[in-house]
Amino acid sequence: MQALLGKGLVVASSDLEGGKTFTARINLGVGGQLSGTLTPAGDKAIAVTGAWKLNGAQVCRTLAPIQPEEICETWLKNGAKAAIIQVNGKDASINRWQ
């Protein structure tokens, strides 16, 4: 995870159904800053900010104003530039990057 995120990473994220619930574009910046937009299906984009850090193999992040509490994610590689995101052992979303 350090090798993937150490220089920052922009991810396109969606629910597991390809955006039926939400899509997002999140910049995981160098130094632990997070910014981007989350778009609920059929609604306007919401600007989000927060922080991220590595906790072992997990990425722990905040996503204000939607999820201001810290959430820790496990990224399970799903192809060369994609990962299934699990929270508390359950598949939650998918991230893709360039």
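Reader: How do you know whether C60 is buried or exposed?

Author: Look at its relative accessible area, which is 1%. Buried means under 20%, so C60 is buried. Keep in mind that this is a predicted model.

Reader: And what makes C72 count as buried, exposed or partly exposed?

Author: C72 has a relative accessibility of 23%. The buried class stops at 20% and the exposed class starts over 50%, so C72 lands in between and counts as partly exposed.

Reader: Why is the link of C60 and C72 called a disulfide?

Author: The two sulfur atoms sit 2.0 Å apart. The cut-off is a pair of cysteine sulfurs within 2.5 Å, so C60 and C72 qualify as a disulfide. By that rule the count comes to one disulfide.

Reader: Which parts does the pair tie together?

Author: C60 belongs to strand β5 (residues 58–63), while C72 belongs to strand β6 (residues 67–77). The pair therefore ties together parts that are 12 residues apart in sequence. As for its twist, the link of C60 and C72 is right-handed, with 105° about the S-S bond.

Reader: Okay, on to the whole fold. What does the secondary structure of the protein come to?

Author: You get one helix and eight strands. Along the sequence the pattern reads α-β-β-β-β-β-β-β-β, with the helix at the start.

Reader: What makes up the largest nonpolar core?

Author: That core has 17 residues, and L5, I26, L28 and W75 have the most contacts inside it. To belong, a residue has to be buried and of a listed nonpolar kind, joined to the others through side-chain atoms within 4.5 Å. Elements giving two or more residues to the core are β1 (9–14), β2 (22–28), β3 (33–40), β4 (46–55), β5 and β7 (82–87). The largest share, four residues, comes from β2.

Reader: Which residues does W75 touch?

Author: Leaving out residues up to four places away in sequence, W75 touches a whole list, including M1, L4, L5, L28, V59, I84 and W97. Touching here means heavy atoms within 4.5 Å.

Reader: How do you know whether the radius of gyration of the protein agrees with a compact globule?

Author: Compare two values. A compact globule with 98 residues would have a radius of gyration near 13 Å, and the protein has 12 Å, so the value agrees. The C-alpha trace spans about 35 × 25 × 25 Å along its principal axes.

Reader: What percentage of the 98 residues do buried residues make up?

Author: Buried residues make up 35%, each with a relative accessible area under 20%.

Note on methods:
Residues are numbered from 1 along each chain as its sequence is written. This is a predicted model: local features need pLDDT of at least 70, side-chain atom pairs count only at pLDDT 80 or more; totals for chains, interfaces and linings use all residues. Side-chain values use heavy atoms; hydrogens and water are left out. Buried means under 20% relative accessible area, exposed over 50%, partly exposed in between (1.4 Å probe, protein chains only). The radius of gyration is taken over C-alpha atoms; the globule rule is 2.2 Å times the number of residues to the power 0.38.
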